[in-house]
Amino acid sequence: MRRYLSAACAALLLVLVPVASASAVTAKVAVGNSSAGSILIDGHGKSLYRFGRDTGRKSTCNGACAQNWPPLLTTKTPKAGSGVSARKLGMTRRSDGKLQVTYAGHPLYNFVGDASRGDINGQGLNAFGGIWTLVSPSGGKIAPGASQASPTPSPTPTPTPTPTPSPGFPY
């Protein structure tokens, strides 16, 4: 009887251990390129946003807000990818008890309207009581409509020739 219980416990552990370790998620934050310039992205290449209504490390996006703007969650210390300062990465505990990734003291979110890498469809949206902005590698918000690309110099205007009187025609 004892042998059967030991075998049953061992089998149960083999089933439960992979499930427990599969739920352990370590979020990754890196720098990616978009039409708005260099931005923070998650481990899947999706754009990351800040919520203007958040105060410090505290997230104010819950319920329907969090369904449209899913928080970047982690169960372990987040990893800094290419171009990201590991010192600026952190975590905050949400009202539901889950850990959300922060960068430069601001909670990070994805947007359900971004279907592919490089999409920035949430940039500048006013939703759930605040403005949503992309996050720059420094941790600052990228102003809606702004591009971080180097400005293109304006063409130098071509001087218009002034008419000179032709001989024989008095002016």
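**Confidence**

I took pLDDT as the predictor's confidence in each residue, on a scale from 0 to 100, before opening this model, which is a predicted one. I then looked for weak stretches and found that pLDDT stays under 50 over residues 148–162, for which the model has five contacts beyond four places in sequence. For the protein chain I noted an average pLDDT of 81, with 71% of the residues scoring at least 70. Residues 1–22 also lie below 50, and beyond near neighbours in sequence I found one contact for this stretch in the model. I keep in mind that where pLDDT is low, the predicted coordinates should not be read in detail.

**Sheet**

I next traced the strands and found an open sheet of three, in the order 2-1-5, with mixed pairing. The edge positions belong to strand 2, residues 37–42, and strand 5, residues 79–80, each of which pairs on one side only. Strand 1, which covers residues 28–34, runs antiparallel to strand 2, and I recorded six bridges between the two. To fix the register I looked up N33, whose bridge partner in strand 2 is S38.

**Disulfide**

How many disulfides does the model hold? I counted one disulfide, formed by C61 and C65, with their sulfur atoms 2.0 Å apart. I call this disulfide left-handed because the torsion about the S-S bond of C61 and C65 is about -110°. Are its two cysteines buried or exposed? With buried meaning under 20% relative accessible area, C61 qualifies at 0%, and C65 likewise counts as buried at 4%.

**Cores**

I then turned to the nonpolar residues, since in soluble globular proteins nonpolar side chains tend to be buried together. The largest nonpolar core comprises 17 residues, and C61, already noted for the disulfide, is listed with Y49, W69, W132 and L134 among those with the most contacts inside this core. At least two residues of this core come from each of strand 2, strand 3 (49–51), helix 2 (64–68) and strand 10 (130–134). I also noted a second, separate core of 11 residues, which includes V29, V84, L108 and V135.

Which residues does L134 touch, leaving aside its neighbours within four places in sequence? I listed A36, I39, S47, L48, Y49, I120, Q123, G140, K141 and I142 as the contacts of L134. Of these partners, Y49 is itself named with L134 among the residues with the most contacts inside the largest core.

Technical notes
Residues numbered from 1 in each chain as written. Predicted model: local features only at pLDDT ≥ 70, side-chain atom pairs only at ≥ 80, totals over all residues. Heavy atoms only, no water. Pairing = 2+ DSSP bridges. Helix = DSSP H or I, 4+ residues; strand = E, 2+ residues; numbered from the N terminus. Disulfide = S-S within 2.5 Å. Buried < 20%, exposed > 50% of the residue type's maximum accessible area, 1.4 Å probe, protein only. Contact = heavy atoms within 4.5 Å. Core = buried A, V, L, I, M, F, W, Y, C linked by side-chain atoms within 4.5 Å.
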